[in-house]
Amino acid sequence: MATDLRISNISKIYPGCIANDNVSLQFKSGKIYALLGENGAGKSTLVKILSGVISPDNGEVFLNEKNLKLSSPLDAKKNKIGMVFQHFNLFETLSVFENLSIDATEDNKSLRVRINEILKKYNFSIDLDVPVLNLSAGQKQKVEIIRCLLRSPKVLIMDEPTSVLTEQETEELFISLKKFCDEGILIIYITHKLKEVLSLCDEVAVMRKGKVVSVSQTQNEKVETLANKMVGQKLGKIKKKIKISKNKDEIFKVKHLNFYSDDPFETNLVNLNFSVKKGECLGIAGISGNGQNELFQILSGEIITPNTSIIFRNKEIAKLNPKQRREYLMAFSPEDRISQAAVPELKIYENVALNNFKSSNFFEKGLVNERKIKEHSKKILSDFSVNTDNVELKSQFLSGGNLQKLILGRELITAPELLICYNPTWGLDVGAINYIHETLIKINDQEKSTILISTDTEELLKLSDRIAVIYKGKLSKIMPSDEVTPEKLGILMGGGSID
Amino acid sequence: MEDLLIRIEKRNDVPTTLYFFTPFIAIILTIIGGGIIFYALGFNPAEALKFYFITPISNLYGFSELLLKATPLCLIAIGLSFCFKSNNWNIGAEGQLTFGAIVGGGVALLFYNQEGFYILPLIIIAGAIGGMIFALIPAILKTYFNTNEILVSLMLVYVSKLILDYLVVGPWSNPEGFNFPETRQFSDSSRMPLLFDGLRVHAGIFIALAAVLVSWFVLYKTYLGFQIKVSGLSLKTAKYAGFKGKTMILIVFMISGACAGLAGVGEITGPIGQLHRMISPDYGFTAIIVAFLGRLNPFGIIFASLVVSLTYLGAETAQIFLQIPQYTGQVFQGMILFFLLASDYLLFFKVKILSLKKNELGH
């Protein structure tokens, strides 16, 4: 029997963020659907609503024209909606069979027979009696899939399934998914990887900032068209005057930056080499999750990588921590302003004291010099037009834009030679974005350099002098930004190549 | 059909006054809860509570006992506040107390037949160092081997208790002690001076008060205190600011261990005067309650240590006058913690009950 899943006007609002804004979509069995979007676009929220983990503020879900009430994961199960999450829900120390039998309704004997049938049918080779911790990521995922198949699902939702898989495991997964599809299971495939969408899926819905921005047949799409839909391609009118100066000094030079992590949710970085000239803005584009987090932390000194050389103003700084790097006049503005760049529970002046640079005298002989910190904070508040002059205010009462101004102010008041920022305007309103863009342009005018890591193509084209793209932990060649078009960036961001 | 939706939301702004007032609410609730328990056991609640909370401190001797028991609780809790404020969960203060007492007691035994003004300071320093070293074990394992400090520090409590057991039964037992599991009595120069004749409260209380003042200064007026505060609120931020995380873990554990070690030394050179198996009625564990009841604030901890000390005394009086086991003291301590955590939850979160008609959900 054909399955028809319809989502109608779903909205979900979290404090300060609209995760799903009036989302309507329709899916029919016999096809594989992709739900594409960047991190934070609202895909996961939608999936959680479909699987009953959270309830929407508004909207309805229909399965074969029956209105579903999904108030717990159990409801999703009853209605034959199966779900494989990105992070596995398995008991590592129990055997595969024990994991599968936990919520089974039949006796072990017939369950084993049914599992073996599934293994045979889909050509899965998994030993049912080994503990799950001995399995590879791909095998664990198969266990999760078997768990869904045991309930003969009508709908199977896969959330970022390939993020922990090897290339070969990914291929195997795709073969299985196509088989499921032929058998009439409706498959919804959630991802931010463009190539996978093109090679696997029949239809693709793109989400951006909580909204569905396009629904189309994948055969009509290319990597770059999807990338543009995903990140938004409105080009700004104000553009910085690009300066390409060949004879300027290289102020910052990175050589052989490699990063290897055991954590499958981190991205490895492979041999990055780049340099920044005096007064220049180097933009690093890319779809989030391609290594930007790791790169920022290595540049700021939170992660120290062996055998990397980072030269800043003719000094080797690769082994220094963030505080020491600040003393050489570097400054950092991380992506996560609420739990990393500032502490919401601390007062404004205490957050200012986090940048305890050498000449600040914030802490003389180990003692807090509150007067000095407060004076300094007042100056930041007025110089960077934060809408308060009360330095005793807890930072949690500042809006995102004002908090970001405070953070930038704190980092810039030391007149650093190099500012490294990561998604500095993420989640801000237009006014704050403009202010921050103007500030970043001003820094370059004063012959100070910036590295701008951003997932916002528009922002990068507006602010950078040269741009490179990071994809799967590898950096493309660095291009002068007047030679770059959004289309070119789109191709590189999707893993394609130009020229 | 009506659906009840219960939603739990975080409160954005909790007034500071209310934050420091909730411990009092917890204490009042504990007294009410205690009354109910006494009633269920067949006692007149008012009378039982009077035996518990008033009789013990109705005379000078009782008051001195109150200070005597509050001294180690206060000292240990002050040390623990450094750890807890920076997100390091040192649960093993009892072990650090024991080990401090072993090292300090060892020095006292070296001088068992000698007198001299220098002996007591030596013992005190030895005790602090002993506690510090013992606290360094979980700290080093945490920083360099990524172990869980809760488990390691807790398990080390039993290690130190067994070492003490071995020493008082074996090599350090009193040669003239008829094989009782205890050491020689310490010499007079090894004992804490008593503050008043006939009362047991001793000079250790000044060490505790000094610890309160010093810790207030360090926590609120120094760079170290600032780093501790930031790391406790957000480790990510501490890393981003470039604080030396590992060094800080070692420092807070050392401070905490030294305080516990001092408390141990205070006990053996104060009321006890020798080493034996029962040098502490779990002061090291109870001090965890004291630290939280005092809101990890040095002056709050003074108050909290007096309250919790009273539950020890009350339990003893209740045992004498009402013939109920002195473990009721632990019941009261447990209730205080329970009510404190419960009122904190209501303080930081609000529970909203929304009732919606089912057909309203879609619109």
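**View 1. Helix α8 of chain A and its buried residues.** In this predicted model, helix α8(A) covers residues 223-231, and A:E224, A:L226, A:A227, A:K229, A:M230 and A:V231 in the helix are buried. Here a residue is buried if 20 or more other C-beta atoms lie within 10 Å of its own, exposed if 12 or fewer, and partly exposed in between, with C-beta atoms placed from the backbone. Helices (H or I, at least four residues) and strands (E, at least two) are DSSP runs, numbered from the N terminus. The buried residues of α8(A) pack against three strands, β3 (32-36), β9 (203-208) and β10 (211-217), and against the helices α7 (194-200), α16 (457-463) and α17 (486-493), of chain A. Such contacts pair residues whose C-beta atoms, placed from the backbone, lie within 7 Å. Follow the chain just past α8(A) and you meet A:G232, with a positive phi of about 85°.

A note on reading the labels: residues are numbered from 1 along each chain as its sequence is written, while chains are lettered from A and ligands numbered from 1 in the order in which they are written. Because the model is predicted, local features need pLDDT of at least 70 and side-chain atom pairs count only at pLDDT 80 or more, whereas totals for chains, interfaces and linings use all residues.

**View 2. A:G289 in a loop of chain A.** Look for A:G289 in the loop between β13 (281-285) and α9 (292-300) of chain A. This glycine counts as partly exposed because it has 18 C-beta neighbours inside 10 Å. A:T455 is 166 residues away from A:G289 in sequence, yet their C-alpha atoms are 9.7 Å apart in space.

**View 3. Chain A as a whole.** Stepping back, chain A holds 17 helices and 23 strands. Its C-alpha trace spans about 75 × 50 × 45 Å along the principal axes. Of its 499 residues, 44% count as buried. Among contacts between residues at least 6 apart in sequence, 70% join residues at least 24 apart.

**View 4. Where chain A touches chain B.** Here 23 residues of chain A are in contact with 16 residues of chain B. On the chain A side, the elements giving two or more residues are α10 (322-327), α11 (337-341) and β18 (367-368). The most come from α10(A), with four residues. By class, the chain A side divides into ten nonpolar, eight polar and five charged residues. Ala, Val, Leu, Ile, Met, Phe, Trp, Tyr, Cys and Pro count as nonpolar, Asp, Glu, Lys and Arg as charged, and the others, Gly among them, as polar.

**View 5. Helices α7 and α10 of chain B.** Helix α7(B) (residues 204-221) packs with helix α10(B) (residues 245-272) at an angle of about 165°, their axes 10 Å apart. That angle makes the two helices roughly antiparallel, a term for angles over 145 degrees (under 35 is roughly parallel, 65 to 115 roughly perpendicular and the rest oblique). Axes are lines fitted to C-alpha atoms, for helices over the stretch in contact, and angles run from 0 to 180 degrees between N-to-C directions. B:G204, B:I207 and B:A211 of α7(B) meet B:C259, B:L262, B:G266 and B:G270 of α10(B). This contact has four nonpolar, three polar and no charged residues.

**View 6. Helices α4 and α5 of chain B.** The axes of α4(B) (residues 93-110) and α5(B) (residues 119-145) come within 7 Å and cross at roughly 145°. Among the residues making the contact are B:F99 and B:V103 of α4(B) and B:I123 and B:F134 of α5(B). The contact has 15 nonpolar, seven polar and no charged residues.

Conventions
Contact = placed C-beta atoms within 7 Å.
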